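Please open the model in a viewer and keep the selection panel at hand. The stops below proceed from selection to selection.

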Amino acid sequence: MLSAPPAVLAEVFPADRIDLVLAYAELLATDGVVRGLIGPRETPRLWERHLINCGLLAAALPADATVADVGSGAGLPGLVLAIARPDVRVTLIEPLLRRTTFLEEAVARLRLDNVTVVRGRADAVHGLASYDVVTARAVTALDQLATWCMPLVAPTGALLAMKGSSAAEEVAAAEETCRRLGCAPAVIEELGTELAAEGAVEPIRIVRLSWADPTRVSLPLRGQRVPRGSRGGKPRRKRRKS
């Protein structure tokens, strides 16, 4: 069962977005579990491990940014960022049909007008659009993630990869790949440290990757089209088996 929301929720999300966070949490704890997007053992710790954890990332987003969430799954962190930051425009990139169906339904039910759902792998979007921020959580190791995600990052943008205690090891292992891609040295950051000092949350660790020389990056301009089949808002009425 979904536990009562912790008091720190009001420190992470704007007051006028709390109802949306509660509705999304309920959706994850019910449909998300039934449809295999969230493990039943995760339900009691949805707040701390998933929603608040992802909500802390919102502070790292520039104002009015375009954001792509690669391998969005059940919408973590992409949907959480769209709820926490109504000023940003979020594209959820996810290859599996059952997951994109859930994401479309969630976007419609929560009435989020700043979210687009794209069914496909990250490399299917290469050359079609670029974003101020690209996010990923629990997708793959940093060297592979950089290969998939950096072609989506705008010249002055960044990849913000949510990582755990192995962040430093992943950065070291990915150093040659990142250099070959034209990235500046990766930076490891901690978010939520002030709340952690109060004992309210566990801080999160992200790896920030940006371009070494933005003037040499050749990417599509903002506003160019995304793949056919991309959509936000209302979910499809007709479903196919995944």
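Select Ile93 together with Val118 in this predicted model: Val118, in strand 3, is the bridge partner of Ile93. Extending the selection to residues 89–94 and residues 115–119 displays strand 2 and strand 3, which pair in the parallel sense over five bridges. To follow the connection between them, add residues 97–110, which form helix 5. The chain leaves strand 2, passes through helix 5 and arrives at strand 3, and this β-α-β crossover is right-handed.

**The whole sheet**

Now display every strand as a ribbon. Seven strands form an open sheet with mixed pairing, in the order 3-2-1-4-5-7-6. Which strands stand at the edges? Strand 3 and strand 6 do; each has a single partner strand, so one side of each is left without a neighbour in the sheet. From one strand to the next, the twist averages 25 degrees.

Next, select residues 131–137 and residues 153–163, that is, strand 4 and strand 5. These two strands run parallel and are joined by six bridges. Within this pair, Tyr131 stands opposite Val153 of strand 5. Adding residues 142–149 brings helix 6 into view, packed on the sheet. Helix 6 touches strand 1 (66–70), strand 4, strand 5 and strand 7, and its direction makes about 150 degrees with that of strand 5.

**Helix 3 and its surroundings**

Select residues 46–55 to show helix 3, which lies across strand 4, strand 5 and strand 7. Helix 3 runs at about 160 degrees to strand 4. How many of the ten residues of helix 3 are buried? Eight are, so the helix is largely enclosed by the rest of the structure. The buried residues are Leu46, Trp47, His50, Leu51, Ile52, Asn53, Cys54 and Gly55. To see what they pack against, display helix 1 (9–12), helix 2 (18–34) and helix 4 (78–84), along with strand 4, strand 5 and strand 7.

**Salt bridges**

Keep helix 3 on screen and show the side chains of Arg49 and Glu42. These two residues form a salt bridge, with the closest N and O atoms 3.0 Å apart. Are the partners buried or exposed? Glu42 is buried, because its relative accessible area of 14% lies under the 20% cut-off. Arg49, at 42% relative accessibility, is partly exposed.

Move to Arg121 and Asp123, whose side chains meet in a salt bridge at 2.8 Å, N to O. Both residues count as partly exposed, Arg121 at 48% relative accessibility and Asp123 at 34%.

The next selection is Glu189 with Arg208, where the side chains meet in a salt bridge at 2.7 Å, N to O. This pair links distant parts of the chain: Glu189 belongs to strand 6 (residues 187–191) and Arg208 to strand 7 (residues 204–210), 19 residues apart. Glu189 is partly exposed, with a relative accessible area of 21%, and Arg208 is likewise partly exposed at 26%.

For the last stop, select Asp31, Arg35, Glu105 and Arg109. Salt bridges that share partners join these four residues into one network. A search of the whole structure finds 13 salt bridges, including the pairs Arg49–Glu42, Arg121–Asp123 and Glu189–Arg208.

Methods:
Residues are numbered from 1 along each chain as its sequence is written. This is a predicted model: local features need pLDDT of at least 70, side-chain atom pairs count only at pLDDT 80 or more; totals for chains, interfaces and linings use all residues. Side-chain values use heavy atoms; hydrogens and water are left out. Two strands pair if DSSP finds at least two bridges between them. Helices (H or I, at least four residues) and strands (E, at least two) are DSSP runs, numbered from the N terminus. A crossover is right-handed if, with the strands pointing away from the viewer, the path from the first strand over the helix to the second runs clockwise. Buried means under 20% relative accessible area, exposed over 50%, partly exposed in between (1.4 Å probe, protein chains only). Axes are lines fitted to C-alpha atoms, for helices over the stretch in contact, and angles run from 0 to 180 degrees between N-to-C directions. Contact means heavy atoms within 4.5 Å.
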